[in-house]
Amino acid sequence: MTTLLISDLHLEASQPAIGEQFLSFLAGEARQADALYILGDLFDAWLGDDDPNPYYKTMKTAMRQLTDSGVPAYFMHGNRDFMIGEAFAAETDITLLDDPSVVDLHGHRVLLSHGDALCTDDAHYQQVRAMTRDPDWQAMMLAKSIDERIAFAVQARKDSMARGETISNDIMDVNQDAVKSIMLEYGVDTLLHGHTHRPAVHDVELPDGLATRIVLGDWYDQGSVARWNADGPRLEKMPR
Ligand code: MN
C-alpha cells in the first residue's frame with residue numbers, strides 16, 4: 001500500500017486542466033492508496049465554506065467519493081485556502097490537520113507542513129499570516145458577504161503580486177535555520193512540505209546527522225506527488 005501526499009494544486013475554475021487531473025487522480029490512483037494527505041493550497045483561493053461556487057461543489061463531491069470508498073484523507077491549510085473549515089471537513093469527510101503535524105508513514109515519523117511558516121525571511125508575509133490565522137480576523141471576514149470577500153481577495157492578490165515583483169527569490173524560500181529548528185523541536189529526521197513550488201529532496205545537516213527535507217511541487221503544468229510505501233518515499237511528477 002502507498003500513502004500519497006500532494007500540495008499546491010491551486011485549483012480554480014479558470015484552469016480546468018488542473019481540476020481534470022485532480023479528478024482523475026482521485027478516481028484512479030488515490031482509490032488504491034492507504035491514505036491521501038493534501039498539504040495546503042489545494043485551492044487557489046477559499047473565501048469560506050459557504051461559497052456557493054459550483055466548481056467547489058464538484059471538487060468536494062469527488063473528494064467525498066474518495067473518502068466514502070474507504071480511503072482516509074487529510075488536509076492541512078495553505079496560505080491560499082486557510083479559511084477551509086469544519087463544514088468543508090464534514091462535507092468531504094476529510095480530517096483537518098494542524099500545521100505542522102507529525103505522522104507515521106510506514107513506520108517512519110515524518111513532520112508535515114504547508115511550508116509558508118518556514119519562510120521567515122519574509123517578515124511582511126509572516127505578519128500577514130499571523131493576522132489572517134487569528135480566529136477573530138476570520139470571524140470578521142466570514143461575517144462579510146461573499147461578494148465583499150471576493151473584492152477583498154482581489155485586492156489582497158494585487159498587493160501580494162506587487163510585492164512579489166520587488167523581493168528576491170531567496171526570501172520566498174524556506175529559511176534553513178527555521179527548517180533545522182522545527183525538525184529538532186519535533187525530533188524528526190524527515191520534513192515534507194510544499195508552498196515554495198520547488199520540488200526537490202534536500203539533505204539537512206542536523207547535530208545528530210543527516211536529515212531529509214522533501215518539497216512537493218505545484219500542479220500548474222503537471223502533477224506532483226510523493227508516493228510513500230514500505231520502501232520509503234518517492235517524489236514524482238505526473239505528466240498530463
Ligand atoms: Mn502556499
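Two strands count as paired here if DSSP finds at least two bridges between them, and helices (H or I, at least four residues) and strands (E, at least two) are DSSP runs numbered from the N terminus. This is a predicted model, in which local features need pLDDT of at least 70, side-chain atom pairs count only at pLDDT 80 or more, and totals for chains, interfaces and linings use all residues. Residues are numbered from 1 along each chain as its sequence is written, and side-chain values use heavy atoms, with hydrogens and water left out.

Let's start with the sheet. It is open, with six strands in the order 4-3-2-1-10-11 and mixed pairing. Strand 4 (95-97) and strand 11 (232-238) are its edges, each pairing on one side only.

Two of the pairings look like this:

| Strands | Bridges | Direction | A facing pair |
|---|---|---|---|
| strand 2 (residues 35-38) and strand 3 (residues 73-76) | three bridges | parallel | leucine 36 and alanine 73 |
| strand 3 and strand 4 | three bridges | parallel | tyrosine 74 and threonine 95 |

Helices link these strands. Strand 2, helix 2 (residues 54-68) and strand 3 make a right-handed β-α-β unit (with the strands pointing away from the viewer, the path from the first strand over the helix to the second runs clockwise). From strand 3 the chain crosses through helix 3 (residues 86-92) to strand 4, and this β-α-β crossover is right-handed too.

Now for helix 4 (residues 123-132), whose buried residues (under 20% relative accessible area, 1.4 Å probe, protein chains only) are Tyr125, Arg129 and Thr132. They cover an arc of only 75° around the axis, taken from the directions from the helix axis to the C-beta atoms, so they lie on the same side of helix 4. On the other side, Gln127 and Ala130 are exposed (over 50%). The cover over the buried residues includes helix 5 (135-142), judged by contact (heavy atoms within 4.5 Å).
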